[in-house]
Amino acid sequence: MNLSEYENVRASRMVTLLLHLQVRGQASGSELARQLEVSERTVQRDVEALVAAGVPVRSTRGPAGGYRLDGGYRTRLTGVGLDEAGALAFLGLAGPAEQLGLGDMLEGARIKVWASLTGEARQRAGRTAERFHLDPVRWYGTPEPVPCLTQLADAVWRDRRVRLEYVRDGRAATREVDPLGLVLAAGDWYLVALRDQQRRTYRVSRVRSVELLDEPVVRPAQFDLAETWAAARRELEDEEQTSVEVTLRVAARALPRLRRLVPVHGQARSPSRRRGRSR
Amino acid sequence: MTVPFDNEFWAVSAILSLGAAVEVLGPASMRQRVADEVRGAAAHYAVDSQGL
């Protein structure tokens, strides 16, 4: 990378850092480093350069410390580049937004963003929309009914504890949880919440009722919904990836089908307890 | 017979697809998991079986 390229990369990174602080309000050095894929020292140098340029970035030390923009400073550096305009079509998850009761607002925002694009950028955005379409719902069957989704979204917005009636394995249970966020994964909605300070995920289609309680939710410092969901997903998948040997009693008529499903080699058969069964 | 599965999710799916023709004898955790799934599915039809 020559000096000019380096300066372009750095300038782009500093704008991203600035916009990130503007959107988030405050972010730690490690968060920014992860977002920008650089070291914390590089973040520190970029912040110093922004301060030298007159941008009021303040830093605070300590566990809850980080960087923030002072005095409600807002940059006007919101010009959308061509490549960014091309990516705008991927904001088009109108279905899930509709489920959350945000359909009209998303459409309003989409119209305003598109209206703000210059001719070429608007053309690029339009070309993407003509060529790519996102349908996050899996094949076969309609999306699961989620009658309590908007109530849960309301609780998430208001940061209020809820009492859920939740059905799992055919049994109903009541839980008081602190909702932190909602996640749409493979067409299904999940509530990420804290129960007794432990992270829990609940499939929204299994929630039968929601009662909004008065207790406020104290969101954990530095909570990141996407990271939390990714960790929950990894845990589940790791758990599911454990290979297992299962001892089965199989009716003779089902053996050919079982062999098609899994490689069954040289299995030892014990005397069947019932006629036509192998164990 | 003892059948190896690559992961538990696949094991449960395959076993359930064979319906009443298969019974899990062990391990106990897998037997419990399949039983829970079957009970959950049966609960959907409990009203039907009562003739309501």
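Me: Where is A:D196 found in this predicted model?
Reply: A:D196 is in the loop between strand 6 and strand 7 of chain A.

Me: What should I read from its phi?
Reply: Start with the general idea. Most residues other than glycine have a negative phi. A:D196 is not a glycine, yet its phi is positive, at about 50°.

Me: Is A:D196 buried or exposed?
Reply: Exposed is the label when relative accessibility is over 50%. A:D196 counts as exposed because its relative accessibility is 65%.

Me: Which other residue has a positive phi without being a glycine?
Reply: A:D159 is one, with phi near 55°. A:D159 sits in the loop between helix 8 and strand 4 of chain A. Its relative accessibility is 26%, so A:D159 counts as partly exposed.

Me: Now the strands flanking the A:D196 loop. How many bridges pair strand 6 with strand 7 of chain A?
Reply: The two strands pair over 6 bridges, in the antiparallel sense. Strand 6 covers residues 188-195. For one register point, take A:V192, which stands opposite A:T201 in strand 7 of chain A.

Me: What is the strand order of the sheet they belong to?
Reply: The order is 7-6-5-4-8 in chain A. That makes an open sheet of 5 strands with antiparallel pairing. Strand 7 (198-203) and strand 8 (207-216) of chain A are the edge strands, each pairing on one side only. On average, neighbouring strands here are turned by 45° against each other, direction ignored.

Me: How do I think about side chains in such a sheet?
Reply: In a regular strand the side chains alternate between the two faces of the sheet. For register, use the bridge partners. A:R163 has A:E211 in strand 8 of chain A as its bridge partner. Strands 4 and 8 of chain A run antiparallel and are joined by 6 bridges. Strand 4 also pairs with strand 5 of chain A, antiparallel, over 7 bridges. There, A:R168 stands opposite A:R171 in strand 5.

Me: Which helix lies across strand 4, strand 5, strand 6 and strand 8 of chain A?
Reply: Helix 8 of chain A, residues 149-158, does. Helix 8 runs at about 70° to strand 5 of chain A.

Me: What is the order in the open sheet of 3 strands in chain A?
Reply: The order is 1-3-2, again with antiparallel pairing. Strand 1 (26-27) and strand 2 (57-60) each have a single partner strand, so one side of each has no neighbour in the sheet. Strand 1 pairs with strand 3 (residues 66-69) over 2 bridges. A:Q26 has A:R68 in strand 3 of chain A as its bridge partner.

Me: And peptide geometry: what omega goes with a cis bond here?
Reply: Generally, most peptide bonds are trans. The bond joining B:G26 and B:P27 is cis, with omega about 0°. B:P27 lies in the loop between strand 2 (22-26) and helix 2 (28-44) of chain B.

Me: How many residues does each chain bring to the A–B contact?
Reply: Chain A brings 31 residues and chain B brings 29. Together the chains bury about 2,800 Å², 58% of it on carbon and sulfur atoms.

Me: How many salt bridges does the rule find across that interface?
Reply: The rule finds 1. The side chains of A:R249 and B:E23 meet in a salt bridge at 2.4 Å, N to O. Polar contacts are counted separately, at 9 residue pairs. On the side of chain A that touches chain B, strand 9 of chain A gives the largest share, 8 residues.

How values were computed. Residues are numbered from 1 along each chain as its sequence is written. Chains are lettered from A and ligands numbered from 1 in the order in which they are written. This is a predicted model: local features need pLDDT of at least 70, side-chain atom pairs count only at pLDDT 80 or more; totals for chains, interfaces and linings use all residues. Side-chain values use heavy atoms; hydrogens and water are left out. Two strands pair if DSSP finds at least two bridges between them. Helices (H or I, at least four residues) and strands (E, at least two) are DSSP runs, numbered from the N terminus. Axes are lines fitted to C-alpha atoms, for helices over the stretch in contact, and angles run from 0 to 180 degrees between N-to-C directions. Contact means heavy atoms within 4.5 Å. Buried means under 20% relative accessible area, exposed over 50%, partly exposed in between (1.4 Å probe, protein chains only). Buried area is the accessible area (1.4 Å probe) that two parts lose on being put together, summed over both. A salt bridge is a side-chain nitrogen of Lys or Arg within 4 Å of a carboxyl oxygen of Asp or Glu. A polar contact is a pair of N or O atoms within 3.5 Å; within protein, one must be able to donate a hydrogen and the other to accept it, and residues adjacent in sequence count only if both atoms are side-chain atoms.
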